[in-house]
Structures are given as C-alpha cells and as structure tokens.
Amino acid sequence: MSDSAKLTHLNAAGQPAMVDVGAKQPTRRVARARSRVVLGPEIMALVQQGDLPTRKGPVFQTAILAGIMGAKRTSELIPLCHPLGLDNCQVTIEVDGPDAVLIECTATVTGKTGVEMEALTGASVAALTIYDMCKALSHDIVIQETRLLAKTGGKQDFHHAE
C-alpha cells in the first residue's frame, strides 16, 4: 500500500461518510467477481447430469437469478454504497474439477462510481443460494475465495493475475 492510500468512507473526523461522486463524469464501468463453492463429489455427481432439481427450483438457475437480484440490491446491503441502476448483470456457473463450481458475476454501469461491490455481491449471493439449496444433502459445503477479478472504467483499472 502506498503512503497516499487512505480509507475513502471516513470524513476528516474519522466518522463514516458516503463518498461524494457529484463532480465526477459518468463513464462505462465493468467489474467481474468470482466465488468458488466446494460441493463435494457426491453432490457434484448429481450435478453432472445437468442442473440439480429441488423443491425450490433448479439449483443453478435459481442461483443465477438470486445473484442478479443481489447485485441489483447491493446498496441496501452494504452501508454507504451508492445505489446504481445497472446497465447489465450476468452470472455464470461452471463446474470446476470433481467437487466444485465457479460462479462469475459481471456487472456493468454507466455512472460516476464503480460496480465492484455489485459484482462481488452477485457472486456471493449466488454462492449462498447454492449452499441453501444443497444443504439438505451436506453441511460440508464450503464457499471460498470470493474475489474481484477485474474492474475497468474508473480512476484505476484492475486485473487479477491468474
């Protein structure tokens, strides 16, 4: 961290404060985040046949919808997060090895502030939904490594080196 790095959500008195983005010009901003969910080989064997049907609906399809809904409501969940009208939000789920799935959420907005929190929230809510819908089969499910993969369009672009 550089000497000039500082927390942006604190005012001069050290109290919580929303960042004033009023003077910024709107730009197209895109952020991509990922969560990994380790389901275990038994649940993954059921998933290999396609989406796992449950009483609440197909697990992956329901998780995709939940992730998009979560991304759209990020400002209601994260204090001081600006409410954004997303231009787009895409959630994908793919098998990752013999026992896990990767969830990626890409959020896009034309605005004055970034969409990292929306992408992270979308991936997280989709992961939580998979846990919720599969917990009757196992409580050994692990949600791991929720992280920002990339962001563009703001003051500084970021790309995680894989």
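This report describes the annotated residue Asp132, the salt bridges and one serine contact in a predicted model.

**The annotated position**

The UniProt annotation "active site", taken from an unreviewed entry, covers Asp132. Asp132 is part of helix 4, which spans residues 116–134. With a relative accessible area of 29%, Asp132 is partly exposed. The side chain of Asp132 meets that of Lys135 in a salt bridge, with an N to O distance of 2.4 Å. Lys135 also counts as partly exposed, at 31% relative accessibility.

**Salt bridges**

The structure holds 6 salt bridges. Three of them, including the Asp132 pair, are listed here with their N to O distances.

| Salt bridge | N to O distance |
|---|---|
| Arg34 and Glu104 | 3.9 Å |
| Arg73 and Glu76 | 2.7 Å |
| Lys135 and Asp132 | 2.4 Å |

Arg34 forms a salt bridge with Glu104, and the closest N and O atoms of the pair are 3.9 Å apart. Arg34 lies in strand 1 (residues 27–38) and Glu104 in strand 5 (residues 100–111), so this pair ties together parts that are 70 residues apart in sequence. Arg34 counts as buried, at 11% relative accessibility, because the cut-off for buried is under 20% relative accessible area. Glu104, at 21% relative accessibility, counts as partly exposed. The Arg34 and Glu104 pair does not stand alone: Arg32, Arg34 and Glu104 are linked in a network of salt bridges.

Arg73 and Glu76 form another of the salt bridges, their side chains meeting at 2.7 Å, N to O. Arg73 has a relative accessible area of 46% and is partly exposed. Glu76 has a relative accessible area of 56% and is therefore exposed, the cut-off for exposed being over 50%.

**The loop after helix 4**

Ser138 is placed in the loop between helix 4 and strand 6 (142–152). At 18% relative accessibility, Ser138 counts as buried, whereas Asp132 in helix 4 counts as partly exposed at 29%. The side chain of Ser138 reaches the backbone nitrogen of Asp140 at 2.9 Å.

**Summary**

Asp132, covered by the "active site" annotation in the unreviewed UniProt entry, shares a salt bridge with Lys135. Elsewhere, the salt bridge between Arg34 and Glu104 ties strand 1 to strand 5, and Arg32 belongs to a salt-bridge network with these two residues. In the loop between helix 4 and strand 6, the buried Ser138 has a side chain that reaches the backbone nitrogen of Asp140.

Notes: Residues are numbered from 1 along each chain as its sequence is written. This is a predicted model: local features need pLDDT of at least 70, side-chain atom pairs count only at pLDDT 80 or more; totals for chains, interfaces and linings use all residues. Side-chain values use heavy atoms; hydrogens and water are left out. UniProt positions are given in the numbering used here, feature names are shortened, and annotations may be inferred rather than shown by experiment. Helices (H or I, at least four residues) and strands (E, at least two) are DSSP runs, numbered from the N terminus. Buried means under 20% relative accessible area, exposed over 50%, partly exposed in between (1.4 Å probe, protein chains only). A salt bridge is a side-chain nitrogen of Lys or Arg within 4 Å of a carboxyl oxygen of Asp or Glu. A polar contact is a pair of N or O atoms within 3.5 Å; within protein, one must be able to donate a hydrogen and the other to accept it, and residues adjacent in sequence count only if both atoms are side-chain atoms.
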